[in-house]
Amino acid sequence: MSPSNQSILQPELKLQEDLAAFKKNVDNMFLITMGIFVFCLQGGFAFYESACVRPKNVTNVLFRNYVDSSISVIFYFLTGYALTFGGGENGFCGTRYFALVGLPEDKMAHCFFQYTFAATATSIVKGIVHERCTTTAFLCYTCLISGFTYPVSSYWALSENGWLKVLGFQDFAGSGSIHAYAGAASLAAAYMTGPRHDRFEKDGKMNNIPFHSVPQAFLGSFFFVLGMLAFNTGSNGSITNDGDGIVIAKVAVNTVVCVLASSMTAIVFQRFVFERSCWNFEVGLNGSFIGMITICAGCNQYQNWTALIVGFLSYFVYLIAQKIIIFAKIDDPVGGLGVQMGGGFFGLVFAALFKDDGVFLQPSMSSANTLLINTLGGITIMIWGSGTMTLLYFVLRYFNLHRINLSEEQNG
Amino acid sequence: MSPSNQSILQPELKLQEDLAAFKKNVDNMFLITMGIFVFCLQGGFAFYESACVRPKNVTNVLFRNYVDSSISVIFYFLTGYALTFGGGENGFCGTRYFALVGLPEDKMAHCFFQYTFAATATSIVKGIVHERCTTTAFLCYTCLISGFTYPVSSYWALSENGWLKVLGFQDFAGSGSIHAYAGAASLAAAYMTGPRHDRFEKDGKMNNIPFHSVPQAFLGSFFFVLGMLAFNTGSNGSITNDGDGIVIAKVAVNTVVCVLASSMTAIVFQRFVFERSCWNFEVGLNGSFIGMITICAGCNQYQNWTALIVGFLSYFVYLIAQKIIIFAKIDDPVGGLGVQMGGGFFGLVFAALFKDDGVFLQPSMSSANTLLINTLGGITIMIWGSGTMTLLYFVLRYFNLHRINLSEEQNG
Amino acid sequence: MSPSNQSILQPELKLQEDLAAFKKNVDNMFLITMGIFVFCLQGGFAFYESACVRPKNVTNVLFRNYVDSSISVIFYFLTGYALTFGGGENGFCGTRYFALVGLPEDKMAHCFFQYTFAATATSIVKGIVHERCTTTAFLCYTCLISGFTYPVSSYWALSENGWLKVLGFQDFAGSGSIHAYAGAASLAAAYMTGPRHDRFEKDGKMNNIPFHSVPQAFLGSFFFVLGMLAFNTGSNGSITNDGDGIVIAKVAVNTVVCVLASSMTAIVFQRFVFERSCWNFEVGLNGSFIGMITICAGCNQYQNWTALIVGFLSYFVYLIAQKIIIFAKIDDPVGGLGVQMGGGFFGLVFAALFKDDGVFLQPSMSSANTLLINTLGGITIMIWGSGTMTLLYFVLRYFNLHRINLSEEQNG
């Protein structure tokens, strides 16, 4: 190339660099903005859970919500982020960036965004064991989840070298790695802790404990919607690659479509098919929650009408999960078990079934393979989640630290 | 051009394309972010309305808020978006994109954003008929508004080929197409339903029913402010065209200026001119609401000081509207009728009067014409809104489905 | 240059201009989005303060929150923005843009964003004198702060020509210019107003008045977290310069790290070292508040681990400040004095100590100089804040307008 041409090209190269730097900035802005929105989920948990428990325990519930978003900061930044995104080729967990040491500066926004996810995963468990779990047990599992077990299974599902990812596991916004995981961990915790003393009558009938404050429950649910819209949208991770804008729009629309379909199905079936009594708000809210979770795994890949189908089916997942939980006499004050574990696991299954090149629309070896991997992956993650939690509770039970005594439980 | 020059130009073309794709992404991010904020309005309606009604009806109010944001998803995506933005040259309504079929992928973000507007329009009516409207009637008008009547009048005002738009109708953020429309529809619904049994004494005196929870009302109002800032800002629709950044900044500043002017006028006049009793919070909140609505139509075109004038005048619009409503014995539990209809309509008028090239600052044939079109357009939209609603209620009344019976009303 | 080359360069120049315009748009989007989030702080003040006072005063507290965000709009736009950012070389205050006249269009977004800061500064004082301050006094100091005293000291700290800035004062997100300032002004107001009649027993013992609604306090705190994340992030002022993305990510991570460290320290020390009774939620919340404030001044310059240290130390600042305030029998219903003044001032000190090139990590004349300037600057700003407020209260006390009478105080 002649010198004169070179001088012409130089400003062009500068433009290219300039544009690349600009894009990085915008990506960071995207992650930070969405991260702040995702933080709304913490408000969601706080208000929804505190509306579900009895008034005597409200302060305690809010306090724990507050503490666990704090603790998960320490542990996620100390070890969690490193275990999930610290590279490594062992397939089991990451190996760099412990205590964020050596973290490249341009990954900091990603780190903040992922923290809001870890805080979500950590928050879920506590809801299920409210009103009977000791503070010691609560602190132990909060540290364990945010610092070790959640990050490890996230590595499997999200990291380039994660063994599930390598096999073809598809989980866009954490149906499996967050919700199925946290649901399974909650199940183990709830089972090992046992039900509240007044939850089941001697004849096995369950005492229903309604919201003590409907506006508070509504506020929680409202924060959930804000948070989940950002949760799914932000899961795209960037906004400057070709087509990113289209993906996040699709995700947002699919999310509202699925949530609506799921909650409307819940309300209509409850009113006209099952109980045939008056409209039930709580059922509707739970319907919308499971829709939010089921859609996660494939929200970037559904057509709008398949999102509608996913929403419709979600309610039945919830219904069956709920029946099993009650039958097994597991006590779940906030109704989160069926929503998280059922929704998370079937989110993975539905993603493999209903996405554009899924089993349903394009049956093939490849799509069947994805279905298999997603199913097995979901099961593995749930075994990991419940297994590690059970181990922890064996220790806690040995020292009799897992449960408050009866008088405390009665007095709140 | 010589071949060597061509090869120089190629990277340049690539850069151009790259930049264009990047801009699309950022536009989508803008619409999704603002859309999530606009969704805060749903929280606003829920908490403000539930604070206005009596405690026995709180759950019902929250439930309806929840249901109507769900239902409007279905109907807006099925037919609403198509009727408003589906092109078509008939001047009456759009003709493509039913059930979002054939929607170009890069319009999905716009579709999500517009859904949050449709949910707003749908939410407004329900507030006015709280505490006496049947669930059947509620479901009917929710479907009608989100799926047909609101989209059609929006087409008139917003679509390239809409007959009002063609005539020169100017309504930046939906003063007319959303607020005047929904206000008029609410008026029809409230008139056809009749007042609550204990709203007016036999001698015609109105029983004032104060907030049962001031913090809840405040929370609602707070969400309104967050939502309306995004509502007006996002109405610009893009952020990557020349001058977009300046427009959204102007919109944000004008919105807060107008809201403040309107609410301060309300508080001061109520305290020192009209009732001369103690400060009245409810009046102040209503003052800020009407400011939020009046500013919509021209918030991109006012100077800051004209926004101040608009805010000042807004309160008097509210005052007069409120007097008429009480005189006509129309029962409005949330005080939304005067705010929406008065604010919406006079928003259109003020926009034509006070914008930079409006009647007030630059009297001319052209500005007079805009004033005429905005006035007539507003009236037409209101006739459309109230007319279609009246038709619906004739049917509902025929089957006696429009109103709960007295004992239900007394028990909540 | 040959003509042919020129024609090649032209599209390149166009691209450059295009990119520059695009960047301005994105910067504006950043400021507006963050500004809306910062507005969440207003909700934070409203709900936290109203939870701290007694139920009889809740409506009054919410009303004042509402009024002061309105009034600060007028006064900040009339004179405040001009005094801070209106250029001028006198070193004391700005001289242009009064009533926003002559404001370049591309500064409008900055103006909106800065308004949300001014509204924050204005909101802080009122909390400290709740339950006894007259409406007249409230209106007077609101106007004074938003229109004159806060803008002037902000000019010193932020404007190119501000005398503190010229000397090397470093205050990224307003530890000094907002929090130390407002804390000092609050101290003066609280001292001049005197304590509530039932706050201190005759023997000097303080009556503790707990939250009347824990969920409301939690809601307030939650809005504080959302708002402060945006407050610190947005303080960067732009997102399109090289490295902006990295700065905002660092700021977000440092903010959550510091808040957590501070609140965990508070909870643990209160539980195991000081009172040794049960866990105390209120202490934890105050711990997180002081963390949010201390981090402001240097959140763009800390390593993650220095942010942790800052958070840890913050709690002790709070502890000592609180002891002094109680010893001096100053009544502070919301516990904001120690948080704001202590946190604000020590935020400045810590920034000079712990930043990368600070006294702690790189002792040098230059870093010692920054420490000196930050300390003296903080003290000057606090003298300015408390001095102007004291002058105002001398006038108010002269006319006996500073405090409601005892019967009003008892009845609320």
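Trainee: Let's start where two chains meet. How many residue pairs are in polar contact between chain A and chain B?

Mentor: Keep in mind that this is a predicted model, so a pair enters this count if both residues reach pLDDT 80 or more. With that rule, the number of residue pairs in polar contact between chain A and chain B is 8.

Trainee: Which element gives the largest share of the side of chain A that touches chain B?

Mentor: Four helices of chain A give two or more residues to this side: H1 (3-38), H8 (214-234), H9 (244-274) and H10 (281-294). The largest share is 15 residues, and they come from H1(A).

Trainee: And by class, how many residues on that side of chain A are nonpolar?

Mentor: The side of chain A that touches chain B has 13 polar and 5 charged residues. Its nonpolar residues number 34.

Trainee: What area is buried between chain A and chain B?

Mentor: The size of an interface is often given as the accessible area lost when the parts come together. Here 52 residues of chain A are in contact with 46 residues of chain B. Carbon and sulfur atoms give 82% of the buried area. The area buried between these two chains is about 4,100 Å².

Trainee: Which residue of chain A forms a salt bridge with Asp18(B)?

Mentor: The interface of chain A and chain B has 1 salt bridge. Its closest N and O atoms are 2.9 Å apart, which is within the 4 Å that the term allows. The partner of Asp18(B) is Lys23(A).

Trainee: Moving on to chain C and chain B, which residue of chain B meets Asp18(C) in a salt bridge?

Mentor: Between chain C and chain B the count is 1 salt bridge. The N to O distance is 3.0 Å, and the side chain that meets Asp18(C) is that of Lys23(B).

Trainee: Which element of chain C gives the largest share of the side that touches chain B?

Mentor: Among the elements of chain C that give two or more residues to this side are helices H2 (40-52), H3 (58-85), H4 (108-128) and H8 (214-234). By class, the side divides into 31 nonpolar, 11 polar and 4 charged residues. The largest share, 17 residues, comes from H1(C).

Trainee: What turn lays chain A on chain B?

Mentor: The superposition has an RMSD of 0.0 Å, with a shift of 0.0 Å along the axis and a turn of 120°. That is the relation of a three-fold axis. Chain C is superposed on chain B with an RMSD of 0.0 Å too, by a rotation of 120°. For chain A on chain B, then, the turn is 120°.

Trainee: Which residue of chain A comes closest to the rotation axis?

Mentor: The distance is taken at the C-alpha, and it is 4.2 Å. The residue of chain A at that distance is Glu12(A).

Trainee: Now a residue within one chain: is Thr255(A) buried or exposed?

Mentor: Thr255(A) sits in helix H9 of chain A. Its contacts, leaving out residues up to four places away in sequence, are Leu229(A), Asn232(A), Ile295(A) and Cys299(A). With Asn232(A) there is also a side-chain polar contact of 3.2 Å. The relative accessible area of Thr255(A) is 3%, under the 20% cut-off, so this residue is buried.

Trainee: What is the phi of Lys329(A)?

Mentor: Most residues other than glycine have a negative phi. Lys329(A), in the loop between helix H11 (304-327) and helix H12 (336-354) of chain A, is partly exposed at 39% relative accessible area. Although Lys329(A) is not a glycine, its phi is positive, about 55°.

Trainee: Is Asn400(C) buried or exposed?

Mentor: Asn400(C) is in the loop between H13 and helix H14 (406-411) of chain C, and its phi is positive, near 55°. Its relative accessibility is 55%, over the 50% cut-off, so Asn400(C) counts as exposed.

Trainee: One last distance: what separates the C-alpha atoms of Ala368(C) and Leu353(C)?

Mentor: Ala368(C) lies in helix H13 (residues 365-398) of chain C and is partly exposed, at 36% relative accessibility. Along the chain, Ala368(C) and Leu353(C) are 15 residues apart. Their C-alpha atoms are separated by 8.5 Å.

Definitions and conventions. Residues are numbered from 1 along each chain as its sequence is written. Chains are lettered from A and ligands numbered from 1 in the order in which they are written. This is a predicted model: local features need pLDDT of at least 70, side-chain atom pairs count only at pLDDT 80 or more; totals for chains, interfaces and linings use all residues. Side-chain values use heavy atoms; hydrogens and water are left out. Copies are superposed by least squares on the C-alpha atoms of residues with pLDDT of at least 70 in both. Ala, Val, Leu, Ile, Met, Phe, Trp, Tyr, Cys and Pro count as nonpolar, Asp, Glu, Lys and Arg as charged, and the others, Gly among them, as polar. Contact means heavy atoms within 4.5 Å. Buried area is the accessible area (1.4 Å probe) that two parts lose on being put together, summed over both. A polar contact is a pair of N or O atoms within 3.5 Å; within protein, one must be able to donate a hydrogen and the other to accept it, and residues adjacent in sequence count only if both atoms are side-chain atoms. Buried means under 20% relative accessible area, exposed over 50%, partly exposed in between (1.4 Å probe, protein chains only).
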